[in-house]
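Please find below my note on the aromatic side chains of this entry, set out as numbered points. The model is a predicted one, and the points should be read with that in mind.

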Amino acid sequence: KLIRQDVARTFPRDAFFRDGGPGQEGLYAVLRAYSLYDADVGYCQGLAFVVGPLLLHMPDEEAFCVLVRLMAAYGLRGHFLPAMDDLHLRLFQFDHVLHATLPRLAKHLDAQGVKPTMYASQWLMTLFAYRLPLHLAVRLFDVVFAEGLDALLRVAVAVLKRSQARLLALEFEGIVHYLNDGPLFAFYAHAAPDTLVRDANMITAVTPRLLQTLRRKYVEEAERRMDEEDEMARLRAEIESLKRENRQLAGGSDLDRLAQKNVQLAVRNQQLEEALGDLEAALVQIKVLYAESESEKAALAMKLDGLRKALT
């Protein structure tokens, strides 16, 4: 069902892939077959744009075989596995190559918070077929068949170099729109068919040696992050264990009940202190009254004594 939905949205302007056309049935057949062939990948959005250009030049069965070859031998499968490890590697390489080749543009994108994952992922996953007209996409497919997926990094840098002045004048939202939905590839759509390939070949900084160095650096950083995550997980587990041990030593729920009882006792103690204060005040009044009565009693005794003396 998901494949059917996506097939209808793949190359909607091309007559071969319109509703009811042979292109849609071919896409469905190849994508469903691959999802059964490679259960770890299954079906992922974006694969249809890889299969589409193949179907323009070969029957379904051959397109399936070429897709298997692209995924396994050329390393495209790592772009579509759940972890997307190879895609993250190539984005890492692309980011470093961009800073080395177009430092001004790279710094501008960094300052605006625009990361390669926001635009380059779809380029690399679909071999640019998601954005390029089909007659240009098949040119890049030829380059990939001849040189491998690393050639896509040169293409990505070349495309950005062509629009560098325009991108430098934009801010975050404008940049993201321009890269994903704007006229980034408009020049190439109207230029000579080999213009994009020639521009890509001019990006000489992208060499196998550099990419291999960046691959090692990526692996080292990934291993370091994994070690840090493992250490953090160990520390979190240790903290949770100490918390459980502390609750057990403190009696767990008994501690909560004792705390509630302590609050109740504190309230009762306050009440008793207030009652004691009232009693002390009453005692003072009684003492005053007693003293007054004793004084009156002494006065009466003196009067009686005076009367007796008078009578005698």
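1. Counting ring pairs whose centres lie within 6.5 Å, one arrives at 15 aromatic pairs in this predicted model. Phe94 and Tyr119 make up one of them, and because their planes stand at 80 degrees, with the ring centres 6.2 Å apart, the pair is classed as edge-to-face. This contact links distant parts of the chain, since Phe94 belongs to helix α6 (residues 85–101) while Tyr119 sits in the loop between α7 (103–111) and α8 (120–125), 25 residues apart.

2. As to solvent exposure, both partners of that pair fall under the 20% limit for buried residues: Phe94 is buried at 1% relative accessibility, and Tyr119 is buried with a relative accessible area of 2%.

3. A further edge-to-face pair is formed by Phe141 and Phe145, whose ring centres are 6.4 Å apart and whose planes are at 80 degrees. These two residues are four apart in helix α9 (residues 134–147), which means that about one helical turn separates them. Phe141 is buried, its relative accessible area being 4%, whereas Phe145, with a value of 33%, is partly exposed.

4. Elsewhere, one aromatic cluster is made up of Phe11, Phe16, Phe17, Phe49 and Tyr130.

5. Finally, a charged side chain also deserves a mention here: Arg4 is placed over the face of Tyr28, at a distance of 3.7 Å from the ring centre.

Note on methods. Residues numbered from 1 in each chain as written. Predicted model: local features only at pLDDT ≥ 70, side-chain atom pairs only at ≥ 80, totals over all residues. Heavy atoms only, no water. Phe/Tyr/Trp six-rings, centres within 6.5 Å; stacked < 30°, edge-to-face > 60°. Buried < 20%, exposed > 50% of the residue type's maximum accessible area, 1.4 Å probe, protein only. Lys NZ or Arg CZ within 6 Å of the ring centre and 35° of its normal.
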